[in-house]
Amino acid sequence: MDDPEFIFELRVCRWAEQQWPPTRERGDTAVLVARQLGIRSRRYDTLIFECDPAALEARGVFGDERLESDMLHVLTNAPTSYGYYRDVLPDPGYSWNHVRETIHAADDRGLVDTRRNGNRIEIRRRYRYPDWVDRVVAIENKPDLSASAATALADQIERDVALGLADEVWVATEATDDEVAPALYERLPVEAGILAVGETVDVAWNATALATGEPGTRILDRPDGDEHDLSAARFEYASVEWKREKRRQIAERAYERGWRSYVDTMRPDCREFELRDPDIPLPYCRAKGRHVTSAECRHACGSFAPEPPAWRSKGWPIEGGPGKGYKRLLARQRDRRR
Ligand code: SF4
């Protein structure tokens, strides 16, 4: 049987890439989509980044690889004229030795200029790191929602709304005869939007913009609702700076990976592997006769059959076997979306 959640998620990603936002014109906003990214305590299914196209292009000069927070600390604070790094960078809150290593790494990647002044290292900015993300939208994909699944989901969505890390939080679910499982309406916080996914994707309930520019609340623990549970809820505040930093980290990972990177963990070099429609690249296994997940299609798969060497040596169809072709195709699509 197909894994409904995985395939559903890829369909939602594809739709978001083409159609986001559903309730207004896209205008000249650029949209970048990623999946399965987040912070330590929370991984989001689908993330949409609404970007300023010029800023997104300006981000491109830093290369395809993500910029980690220590690298961003250097890049965003390096001055336009040379200065001793300990004088010009704010105290990072970790060792200056680590900052020095990061400066060398940035220099190796051509992202800053450095020079020696005696035994001091001076740095100078080469490019301005742009604020390339305007809004972040999180979508939780739940194709099939029983009442108990809706309750667990509602708890998670309440936490997302209270934290306000994303500008909007949505739940995407399979359209039913009632359009959307009624359990969702009853349990979800009103701020969360609902997408009904069928032949088309329709807004069943519009999302409310969350206050990403204000401190958020992390819900650490809460009573489970049982009348015998007298424990108190526990909260902690998330500062605006913490949220800004996390949004930037997530955006950088999204920039590197996009949503098609699932194929990196699969076996496109297996002769049974197929992308049925490269435009909606759902991985399909001919041996199993259905779509497959990355959990199934991996090294341990008992049905793995390597591509015949002839496919690779005879320049199929251009260079390498179909496996390499699929990887290149998806990488090209990823580049085009940036
Ligand atoms: S046989 Fe296994 S490795 Fe090959 S495509 Fe199917 S699931 Fe993937």
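The shell around the ligand has eight nonpolar residues, four charged residues and one polar residue. This is a predicted model. Among the 13 residues around the ligand, those that come nearest are Cys270, Cys285, Cys297, Cys301 and Ser303.

Now the protein as a whole. It has 338 residues, and 32% of them count as buried. Its secondary structure comprises ten helices and 14 strands. Take the contacts with a separation of 6 or more: 62% of them join residues 24 or more positions apart.

Next, the nonpolar cores. The largest one has 49 residues. Within it, the residues with the most contacts are Leu47, Phe49, Val169, Trp170, Val171 and Ala254. Several helices and strands each give two or more residues to this core. The table names them.

| Element | Residue range |
|---|---|
| helix H1 | residues 4-19 |
| strand E1 | residues 30-39 |
| strand E2 | residues 42-51 |
| strand E6 | residues 133-141 |
| helix H6 | residues 147-163 |
| strand E7 | residues 168-174 |
| strand E8 | residues 193-197 |
| helix H8 | residues 240-257 |

Helix H1 provides the largest share of this core, eight residues. Another core, of 14 residues, lies apart from the largest one. Tyr85, Leu111, Val112 and Tyr129 are among its members.

Which residues does valine 169 contact, leaving aside its neighbours within four places in sequence? They are Ala138, Ile157, Asp160, Val161, Glu191, Ala192, Ala207 and Leu210. Val169 is also one of the residues with the most contacts inside the largest core.

Conventions:
Residues numbered from 1 in each chain as written. Predicted model: local features only at pLDDT ≥ 70, side-chain atom pairs only at ≥ 80, totals over all residues. Near = placed C-beta within 6 Å. Nonpolar A, V, L, I, M, F, W, Y, C, P; charged D, E, K, R; others polar. Core = buried A, V, L, I, M, F, W, Y, C linked by C-beta atoms within 7 Å. Buried ≥ 20, exposed ≤ 12 C-beta atoms within 10 Å, placed from the backbone. Helix = DSSP H or I, 4+ residues; strand = E, 2+ residues; numbered from the N terminus. Contact = placed C-beta atoms within 7 Å.
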